[in-house]
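Good morning, colleagues, and thank you for making time for this presentation. Please have the sequence and the model open as I speak.

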Amino acid sequence: MGQGGGINLINGTPYDWKKSNQTSYQVNWNFPDTIKSGTTATIYIEWNQGLFVTETDTTANVTYTLGTTAYRFDLQARRPNKAFVVQAYLADIATDNNARGDTINIGFIHDGDVYFILSGSGGNFTSSNMSKPWMQRNLGRLGRRALRDICMPGTHNAGMSTKTDGTALASANNVLCQSVSVLGQLFAGSRYLDIRPVIGGEANEFFTGHYTNAGIVGWQGWSGQSMKDIIGEINAFTALCHELIIINLSHDFNKNAGFRSLYDDEWKRLFRDLTRLNNRYTAPNASTVILSNLPLSSFIGANKAAVIILVDPSLQVPLKAFPNRGFYASSQLNVIDRYSNTIDPQHMIETQITEMKNAPPSAFFLLSWTLTQASLRDVVLDDLMVIAEAVNMKLYTKLLPACSRTAFPNVIYIDFIKGANRDIAALAMAVNSLFGP
């Protein structure tokens, strides 16, 4: 026996997947005969290893057919050059970014999980290994839907992938929420960015920040990416990928003035900086429009990207001073964002799924799949990256079966997004395929 790990299969198609063939040599795995539409299955794979095992001879294969259709794919296990390889072979199916006959590398993680996600129907499929401009490539399916009827990935504390300044008692374990910059998050599939503006540094510049009032020891935390760099990265992305990006500005502070909220003149300065963002969306009735009611095709199309800037300030802000410049109150998207404020994964999952099921149909619901260090013990014992990656794995087995046509997330909101196969975007498309109008 040897190393083992899990393969999660996520069926976002309207077809039950039927197993038609399974073989294995020097691989122990057993796939279910049927994986029903809208469900997930986790299969444990263990590789034979040892002195008398010719590891490069290892081979295993299982074939699934989609219902009574001719669509078919294989899952394969191989060990070229002794590396562990799990892959999906698209035998008789093509997906967004993958032609019929292509092979998608699923990967393998010892004592961890990897994923293969397939959604769509009738020759219009998406899967793992999505296109970078995944919204644009699926505009035929999504374009007529209102934003409140679309699911997309989002990133919590999006600017906190690096440290530019900070306090003595803060550390990477309790401050960083992302491992790649905003540009990397966009390429990984995120389309909703949680940006927290903080004034800091010797020149009173705008950065992002993650700070907490820790009582007797005062404010603790770090500043992350500068707003200047984020603006440049978003512009670089929309020049390549004509996608919709939603920026939500909240948790504002002036670190250099005792962590008070930003004043009017400081917001105006930030707004002036943000007017350097290309492709800002300007609605004809900007002060009253309900953005969540508008179809995706209102924002993006051929060679057209869009950036929505939402403002959720600590104090009243001078939005009227920047009319028709692409700035909107968060209420104009009808966002419901209630994080669970817990370090316990099970409690977070249960409360977030309950919130999702209770959200009104008109809401733009943000599924806050995030854990919070609520005590000194949590800060000392729990590394945010480690706990985030563990709970992110549960998304792929817990979310889709909990969704329905009247209850699904508009934003799958996570820490430490990963982007090799854009699995989080593929999961969002599985939700869109099964539960959109």
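I shall speak about a sheet, then the salt bridges, then the pockets and the cavity. Please keep in mind throughout that this is a predicted model.

Let me begin with the sheet. Six strands make up an open sheet, and their order across it is β4-β2-β6-β7-β8-β9. The pairing throughout this sheet is antiparallel. As a general reminder, the strands of a sheet pair through backbone hydrogen bonds, in either a parallel or an antiparallel manner. Which strands lie at the edges? They are β4, residues 34–35, and β9, residues 103–105, each of which pairs on one side only.

Within the sheet, I would draw your attention to one pair of neighbours. Strand β7, covering residues 72–78, is joined to strand β8, covering residues 85–89, by five bridges in the antiparallel sense. To place this pairing on the sequence, take R78: its bridge partner in β8 is V85.

I turn now to the salt bridges. The structure contains 14 of them, and I shall discuss a selection.

The first example is the contact between the side chains of D33 and K19, with an N to O distance of 3.5 Å. D33 sits in the loop between β3 (27–28) and β4, while K19 belongs to strand β2 (residues 17–25), so this salt bridge ties together parts that are 14 residues apart in sequence. Are these two residues buried or exposed? D33 has a relative accessibility of 53% and therefore counts as exposed. K19, with a relative accessible area of 23%, is partly exposed.

The next example joins the side chains of R137 and D96, where the N to O distance is 3.3 Å. This pair links distant parts of the chain, 41 residues apart: R137 is in helix α1 (residues 134–137), and D96 is in the loop between β8 and β9. D96 has a relative accessible area of 8%, and because the limit for a buried residue is under 20%, D96 is classed as buried.

A further salt bridge connects D273 with R276, whose closest N and O atoms are 3.9 Å apart. How accessible are the two partners? D273 is partly exposed, at a relative accessible area of 24%, and R276 is likewise partly exposed, at 41% relative accessibility.

Beyond these pairs, there is a network of salt bridges that links R72, D74, D92 and R100. Strand β7, which I described in the sheet, spans residues 72–78.

Let us move to the pockets. How much space lies in the largest pocket? The volume is about 1100 Å³. The lining of this pocket comprises 42 residues, and those closest to the centre are H210, Y211, T212, T372 and Q373. Several elements give two or more residues to this lining, among them α3 (172–175), β14 (192–195), β17 (219–226), β22 (335–337) and α8 (376–381). The largest share, five residues, comes from β16, the strand that covers residues 205–213. In terms of residue class, the lining holds 18 nonpolar, 19 polar and five charged residues.

The loop that follows, between β16 and β17, is where A214 is found. A214 counts as partly exposed, at 39% relative accessibility. For a sense of distance, A214 and A425 are 211 residues apart in sequence, and their C-alpha atoms are 36 Å apart in space.

The second largest pocket holds about 480 Å³ of space. Of the 20 residues that line this pocket, I109, D113, Y115, K418 and D423 lie nearest the centre. The elements that give two or more residues to this lining are β10 (113–121), α9 (384–402) and α10 (423–435). Which of them gives the largest share? It is α9, with four residues. By class, this lining divides into 11 nonpolar, five polar and four charged residues.

Finally, I come to the cavity. A search of the whole structure finds one cavity of 30 Å³ or more, and the space within the largest cavity is about 50 Å³. The residues that line this cavity are W369, T370, L371, L384, I387, A388, V391, N392 and D415. Six of the lining residues are nonpolar, two are polar and one is charged.

That concludes my presentation, and I would welcome your questions.

Terms used: Residues are numbered from 1 along each chain as its sequence is written. This is a predicted model: local features need pLDDT of at least 70, side-chain atom pairs count only at pLDDT 80 or more; totals for chains, interfaces and linings use all residues. Side-chain values use heavy atoms; hydrogens and water are left out. Two strands pair if DSSP finds at least two bridges between them. On a 1 Å grid over the protein atoms alone, a cavity is a set of points where a 1.4 Å probe fits but cannot get out, and a pocket is an open set with protein on both sides within 12 Å along at least five of seven lines; lining residues have an atom within 4 Å of a point. Grid points are joined across faces, edges and corners, and a volume is the space filled by probe spheres set on the points. Ala, Val, Leu, Ile, Met, Phe, Trp, Tyr, Cys and Pro count as nonpolar, Asp, Glu, Lys and Arg as charged, and the others, Gly among them, as polar. A salt bridge is a side-chain nitrogen of Lys or Arg within 4 Å of a carboxyl oxygen of Asp or Glu. Buried means under 20% relative accessible area, exposed over 50%, partly exposed in between (1.4 Å probe, protein chains only).
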